[in-house]
Structures are given as C-alpha cells and as structure tokens.
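Here is a quick walk through one protein model and its ligand. Have the sequence and the 3D view open as you read.

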Amino acid sequence: MEMEQEFRLDGIVPWGRRLWEYRAFFALEEADLRHAVLDVGAGPSSFAAEASAAGARVTAADPLYALPGKAIAQRFEETRGAMMEGLRQARYRFRWSHYGSPDTIEKIRREALALFLADYGREAARRYVEASLPRLPFADNAFCLALSSHLLFLYGDDLDFAFHIEALRELLRVAEEVRVFPLVNLDGRPSSHLPGVLAQFARDGIRAELVPVPYEFQKGATKMLRLRR
Ligand SMILES: C[S@@+](CC[C@H](N)C(=O)[O-])C[C@H]1O[C@@H](n2cnc3c(N)ncnc32)[C@H](O)[C@@H]1O
C-alpha cells in the first residue's frame with residue numbers, strides 16, 4: 001500500500017536549527033569547534049551565528065544567500081504552513097522528548113531565524129557564502145570539518161544517488177572530515193542512498209562510520225555519517 005505523504009513540501013524548505021541541536025546531531029565537542037568549520041546547506045540556521053559568538057570559526061554556505069535577509073524570512077513564512085501541517089500529520093513518527101510539541105518546534109525555528117537574520121545583517125560578507133553543492137567555491141583542505149544537516153539523505157527523493165556521491169566527494173575535497181545528519185528521508189525511512197554511499201567510499205579508501213548521536217526526533221534516526229580522508 002502506498003503510504004500517504006505527510007510532508008507536502010514544495011522543494012527544500014528554509015527552516016533552520018540552533019547550536020544546541022547541531023551539537024546533538026553531530027555529537028560536537030569543544031575540540032571540534034576549535035578549527036575551521038563549514039556548515040553546508042546552512043540556510044537560516046543560527047549554528048554559524050551562535051558558534052561564532054562563542055569563538056568558533058564557522059563559514060555557512062547555501063544558495064539562499066543570494067537573497068537579502070528579508071526575502072529569506074519571507075521564504076520561511078511561505079513554507080511554515082506546510083511544515084506545521086506535516087509535523088501534525090506525522091506526529092506519531094517523532095519522539096517528542098526534546099521538543100514536546102509542534103508549536104515548540106516552530107518557536108525554536110523562529111528563534112534560530114531571528115539569530116541568523118541579526119548575524120546575516122552584520123556578517124553577510126564574512127561568514128555567509130552563496131554556494132550550491134555539488135560545487136563549492138573553497139580551496140582544497142580549507143576546513144577541518146564540514147557539516148551537512150537536514151539536506152543530504154533527508155531530501156533523497158529530490159537529490160539522487162549520483163548527486164550524493166558528487167556532493168560528499170566535494171565536501172571531502174574542502175574538509176578533512178565530513179559529518180551528515182540525519183540519514184533518513186522525509187518519510188522517516190532509512191535513506192536508500194546510504195548503502196551505496198558506504199560501499200562507494202569504502203572502495204575509494206575513505207573511512208566511513210555510522211556514529212550514534214545523543215539525539216532522536218525522527219524515530220530511529222540516531223546516527224550520523226562520518227567520513228574521514
Ligand atoms: C532544511 S534546510 C536545513 C538548514 C540547516 N542545515 C539546518 O539543519 O537547520 C536545507 C537547506 O539546504 C539548502 N540547499 C538546497 N539545495 C542545496 C544545494 N544544492 N547545496 C547547498 N545547500 C542547498 C536550502 O537552501 C536550505 O537552506
């Protein structure tokens with residue numbers, strides 16, 4: 001039987017998460033944030049703003065940064081209805097221990113957006129780079145760590161297997177280590193791209209591991225992918 005689609009999103013949504021969430025998705029420790037970090041597909045997340053305020057060196061990359069802050073905020077408002085409807089429809093598929101309710105999620109996404117917009121207004125030229133995977137405008141080894149949150153694998157129905165391989169190779173070109181979370185798609189099912197990605201990188205001699213993280217929202221999404229050259 002076809003499962004009814006609960007999230008009816010028109011493309012990849014510009015919803016952003018906070019630093020505490022990124023810390024959990026990627027099991028980040030203080031030492032991870034002492035070196036140059038890239039957040040790719042960063043959108044209106046406040047990770048770069050909050051981590052930079054705490055002394056980290058974070059660069060955020062996203063095609064959205066072609067737009068002024070006002071237009072990014074407007075995109076957020078345009079997708080809000082579909083996201084909230086999806087969360088309510090699919091409520092049974094999530095663990096609510098971190099957030100409690102869909103309304104709290106919206107509140108946290110708005111906090112992230114506000115922190116992002118304030119920093120984007122001040123630091124657009126320094127910290128925020130308009131860029132789209134699978135090609136990034138950074139030198140080889142420009143970063144120690146690259147993070148991809150809620151883009152690869154999650155939007156695996158929109159982004160095909162070849163895109164995942166190309167994008168991850170590009171991230172490994174610009175960073176020594178790459179971490180990706182989550183590894184399930186929007187329906188909450190394990191990404192069909194993951195086994196092929198693991199097999200490809202094993203052939204390429206890249207160390208690939210599935211690492212447990214202290215976070216679960218989509219049920220069963222409790223691991224990140226870590227790739228190291
Ligand atoms: C769901 S948001 C996640 C934002 C942030 N990483 C987080 O977890 O809070 C996905 C982001 O990926 C961006 N995106 C879409 N296609 C992309 C591409 N080809 N390369 C880089 N980012 C992309 C979108 O603009 C959007 O901001």
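## The ligand and its pocket

Start with the ligand: the space it takes up is the largest pocket. Keep in mind that this is a predicted model. There are 20 residues around the ligand, and the ones that come nearest are Arg-17, Gly-41, Asp-62, Leu-133 and Ser-149. As for character, the shell is made up of 11 nonpolar, seven polar and two charged residues.

Now zoom in on three of those nearest residues. Arg-17 uses its backbone here: an N or O atom of that backbone is 2.7 Å from an oxygen atom of the ligand. Gly-41 also comes in with a backbone N or O atom, which sits 2.7 Å from a ligand nitrogen atom. With Asp-62 it's the side chain, where a polar atom lies 2.7 Å from an oxygen atom of the ligand. Taken on its own, the ligand has 600 Å² of accessible area, and the protein covers 93% of that.

## How the sheet is laid out

Next, the strands. Seven of them form an open sheet with mixed pairing, and reading across you get β3-β2-β1-β4-β5-β7-β6. Which strands stand at the edges? They are β3 (128–129) and β6 (207–212); each has a single partner strand, so one side of each has no neighbour in the sheet.

In general, strands of a sheet pair through backbone hydrogen bonds, and they can do so in a parallel or an antiparallel way. For a parallel example, look at β1 (residues 37–40) and β2 (residues 58–61), which are joined by four bridges. If you want a spot to click on, Val-37 has Val-58 in β2 as its bridge partner.

For the antiparallel sense, go to β5 (residues 175–181) and β7 (residues 223–228), a pair with four bridges. Here Val-180 is matched with Leu-225 of β7. β7 also runs antiparallel to β6, and six bridges join those two. Pro-212 is a handy marker there, standing opposite Lys-223 in β7.

## Backbone oddities in the loops

Most peptide bonds are trans, and most residues other than glycine have a negative phi. So where does this model have cis bonds? One is the peptide bond from Leu-133 to Pro-134, with omega near 15°. Pro-134 belongs to the loop between β3 and β4 (143–149). Leu-133 may ring a bell, being among the residues that come nearest to the ligand.

Phe-181 and Pro-182 are also joined by a cis peptide bond, this time with omega of about -5°. You'll find Pro-182 in the loop between β5 and α6 (194–203).

What is the phi of Asn-141? It is positive, about 60°, although Asn-141 is not a glycine. Asn-141 is placed in the loop between β3 and β4, and that loop is where Pro-134 is found too.

Terms used:
Residues are numbered from 1 along each chain as its sequence is written. This is a predicted model: local features need pLDDT of at least 70, side-chain atom pairs count only at pLDDT 80 or more; totals for chains, interfaces and linings use all residues. Side-chain values use heavy atoms; hydrogens and water are left out. A residue is near a molecule or strand if one of its heavy atoms lies within 4 Å of it. A polar contact is a pair of N or O atoms within 3.5 Å; within protein, one must be able to donate a hydrogen and the other to accept it, and residues adjacent in sequence count only if both atoms are side-chain atoms. Accessible areas come from the Shrake-Rupley method with a 1.4 Å probe; for residues, only the protein chains shown count as cover. On a 1 Å grid over the protein atoms alone, a cavity is a set of points where a 1.4 Å probe fits but cannot get out, and a pocket is an open set with protein on both sides within 12 Å along at least five of seven lines; lining residues have an atom within 4 Å of a point. A molecule sits in a cavity or pocket if more than half of its atoms lie within 2 Å of its grid points. Ala, Val, Leu, Ile, Met, Phe, Trp, Tyr, Cys and Pro count as nonpolar, Asp, Glu, Lys and Arg as charged, and the others, Gly among them, as polar. Two strands pair if DSSP finds at least two bridges between them.
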